[in-house]
Amino acid sequence: MGSSSSSSITNDRGRFAADWHRGNETTCFNDTGKYTETLIVPEAVGFIKRMAHQPAQATKPFFLYLPFQNIHGPYTTQQQYFDMYANKSFTPGEQTMFGYLTELDFAVGTIVAALKKTGAWENSV
């Protein structure tokens, strides 16, 4: 139930495939076998840092779209988040769902930390 290849992105344009974009570029990085959280967080944090280090952009507003797949099916999560609920009296399905939500929580927390560190948090909606 924990980590499963069915919850990761496949680049074969199969059932759960996605086209990832950075600006107007498509397929600009390898998404095969990765979870959306592991794709989105580094891209978002990198964008926030780039915006903060460009004096002409640092005070301008920006729009940051974060298309997390949590909490859409297939309902699986990375093993580390699944294991967080192993010593509770949850079913494997409940462990998966709680792990999935926790995974999203950590991802959003990382992005919020980047906004705060760069000073963008105070000017965010």
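# Briefing: fold, confidence and selected residues

Glu43 has a relative accessible area of 28%, so this residue counts as partly exposed, falling between the 20% limit for buried and the 50% limit for exposed. Glu43 is found in helix 1. The structure described here is a predicted model. The protein has 125 residues, and 29% of them count as buried.

**Overall architecture**

- Three helices and two strands make up the secondary structure of the protein.
- Read from the N terminus on, these elements follow the order β-β-α-α-α.
- Considering contacts in the protein between residues at least 6 apart in sequence, 57% join residues at least 24 apart.
- The protein has an accessible surface of about 8000 Å², and carbon and sulfur atoms account for 55% of that surface.

**Confidence of the prediction**

- The protein has a mean pLDDT of 78, with 74% of its residues at 70 or more.
- Residues 1-15 have a pLDDT below 50; in the model, this stretch nevertheless has 43 contacts beyond near neighbours in sequence.
- Confidence is highest in helix 3, where the mean is 94, and lowest in strand 2 (residues 25-26), where the mean is 67.

**Helix 1: Glu37 and Glu43**

- Glu37 is located in helix 1, which covers residues 36-52.
- Is Glu37 buried or exposed? Its relative accessible area is 12%, and Glu37 is therefore buried, since the limit is under 20%.
- The side chain of Glu37 forms a polar contact of 2.7 Å with the side chain of Gln78.
- Not counting residues up to four places away in sequence, Glu37 touches Gln78 along with Pro42, Phe68, Glu103 and Ala107.
- For Glu43, also in helix 1, the C-alpha atom is separated from that of Leu66 by 9.6 Å; these two residues are 23 residues apart along the chain.

**Helix 3: Glu103**

- Glu103 lies in helix 3 and is buried, because its relative accessible area of 1% is under the 20% limit.
- Which side chain makes a polar contact of 2.7 Å with that of Glu103? The partner is the side chain of Thr77.
- Leaving aside neighbours within four places in sequence, Glu103 is in contact with Thr77, Gln78 and Tyr81, and also with Tyr35, Glu37 and Asn70.
- Gln78 thus appears in the contacts of Glu37 and in those of Glu103, and Glu37 and Glu103 also touch each other.

**Loop between helix 1 and helix 2: Tyr75**

- Tyr75 sits in the loop between helix 1 and helix 2.
- With a relative accessible area of 45%, Tyr75 is partly exposed, because this value lies between 20% and 50%.
- Neighbours within four places in sequence aside, Tyr75 has contacts with Thr96, Met97 and Tyr100.
- Between the C-alpha atoms of Tyr75 and Tyr100 there are 7.4 Å, while along the chain these residues are 25 residues apart.

**Helix 2: Gln80**

- Gln80 belongs to helix 2.
- A polar contact of 3.2 Å links the side chain of Gln80 to the side chain of Tyr81; Tyr81 is also one of the contacts of Glu103.
- The C-alpha atoms of Gln80 and Gly99 are separated by 8.2 Å, although the two residues are 19 residues apart along the chain.

**Nonpolar surface patch**

- Phe90, Phe98 and Leu101 make a nonpolar surface patch of about 230 Å².
- Where is Phe90 found? Phe90 occupies the loop between helix 2 (79-83) and helix 3 (92-118).
- Phe90 has a relative accessibility of 31% and therefore counts as partly exposed.

Definitions and conventions
Residues numbered from 1 in each chain as written. Predicted model: local features only at pLDDT ≥ 70, side-chain atom pairs only at ≥ 80, totals over all residues. Heavy atoms only, no water. Patch = residues over 30% accessible without salt bridge, like charges linked within 9 Å, V, L, I, M, F, W, Y side chains within 5 Å. Areas by Shrake-Rupley, 256 points an atom, 1.4 Å probe, with all protein chains shown as cover. Salt bridge = Lys/Arg side-chain N within 4 Å of Asp/Glu carboxyl O. Helix = DSSP H or I, 4+ residues; strand = E, 2+ residues; numbered from the N terminus. Buried < 20%, exposed > 50% of the residue type's maximum accessible area, 1.4 Å probe, protein only. Polar contact = N/O pair within 3.5 Å; in protein donor to acceptor, adjacent residues only side chain to side chain. Contact = heavy atoms within 4.5 Å. pLDDT = per-residue confidence, 0-100.
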